[in-house]
Amino acid sequence: MSFRLPNRVALITGAGSGIGLESSLLFAQEGANILLCDINLGAAQKAADLIAKRSSNIKAIAFKCDVAKEQDIKNAVDEAVKEFGRLDIMFNNAGIMHPQDDNALNTEERIWDLTMQINLKGVWWGCKYAILAMRNNPTDEAKGLHTGGSIVNTASFVALRGAATPQLAYTASKGGVLAMTRELAMVHAREGIRINSLCPGPLNTPLLMDFLRTDEMKQRRLVHLPMGRFGEAIEQAKAALFLASDDSSYVTGSDFTVDGGLSAAYVTAIGEPALPPPKSLIK
Ligand SMILES: NC(=O)c1ccc[n+]([C@@H]2O[C@H](COP(=O)([O-])OP(=O)(O)OC[C@H]3O[C@@H](n4cnc5c(N)ncnc54)[C@H](O)[C@@H]3O)[C@@H](O)[C@H]2O)c1
């Protein structure tokens, strides 16, 4: 059986829940050793324990990291290199959606700043320390390992489409992720470092479901979703796996959109979805 991330080392932020959790489980299943980073160490540890239970040949280490702090991110990258000898994949995925994030008139400056600190500066620092580490990756042809690596930054479809249900700071932070990713991809393209944005559609994860408290709030979004359902975190993890692996060796600087057709839609179809969503790897 061939793996898609053999001998690779991945660092994933926000690894304790949602996209980060499914990606940690999937990347481990595909042969990668992983540093699971989260501000919630307990959640990251639970995920690491699950990986250890499933695959004895994979090393998964939980690490407490607040991506709002540059030193935490530097420490996390240093830890990955110390433990595993290299860093092939950096998945800058952690992000927040603050309940008090609103329109231009109501959003307080502290909410704006907090959102930018985590969602945008955190991704910048993740890129910075990953690039420094990836430049030093030794080539080992027998193991299929090479210099450089793949950085995946989680943005959002809200950076591509306007919503009359505003979360101004969140949207602006994700637009920043897209622009920054594109530019960094150009700067580092000849170093064997690929950098792409993952643009998820609205997902059935705690981040959005905690925010959409009522059925009415959910329906307001569902009518715009061509498939008639929210996306699942595992569907993003599979796209992240493609971007992380050598399968995407000619893909860099992309706004890689995985949104169930949302960004192509005008009028959506009527009726229930014919297919059930794919199953999570968590159970
Ligand atoms: N859920 C959606 O609908 C959706 C849509 C588009 C984009 N996204 C983006 O996807 C990413 C992951 O979202 P999710 O839906 O999996 O969310 P989630 O809430 O399920 O998981 C986020 C994880 O990040 C961690 N985290 C939060 N702040 C952190 C910090 N400062 N440092 C380190 N870890 C931190 C949390 O503890 C949690 O484990 C986010 O960047 C989010 O903006 C989500």
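This note goes through one strand, its two neighbours and the surroundings of the ligand.

1. The model is predicted, so that local features need pLDDT of at least 70 and side-chain atom pairs count only at pLDDT 80 or more, while totals for chains, interfaces and linings use all residues. Residues are numbered from 1 along each chain as its sequence is written.

2. Strand β2 covers residues 33-38, and 6 of its 6 residues are buried, where buried stands for 20 or more other C-beta atoms, placed from the backbone, within 10 Å of the residue's own. From β2, N33, L35 and C37 point one way and I34, L36 and D38 the other way, and all are buried. Strands (E, at least two residues) and helices (H or I, at least four) are DSSP runs, numbered from the N terminus.

3. On pairing, which requires at least two DSSP bridges between two strands, β2 runs parallel to β1 (residues 9-13), with 5 bridges joining them, and I12 has L36 as its bridge partner in β2. The chain passes from β1 to β2 through helix α1 (residues 18-29) in a right-handed β-α-β crossover, that is, clockwise from the first strand over the helix to the second with the strands pointing away from the viewer.

4. β2 is also joined to β3 (residues 60-64) by 5 bridges, again in parallel, and C37 has F63 as its bridge partner in β3. Here the chain crosses from β2 through helix α2 (residues 41-54) to β3, and this β-α-β crossover is right-handed.

5. Around the ligand there are 30 residues, of which G14, G18, G95, T205 and L207 come nearest; a residue counts as near if its C-beta atom, placed from the backbone, lies within 6 Å. The elements giving two or more residues to this shell are α1 and α6 (206-209).

Methods. Buried ≥ 20, exposed ≤ 12 C-beta atoms within 10 Å, placed from the backbone.
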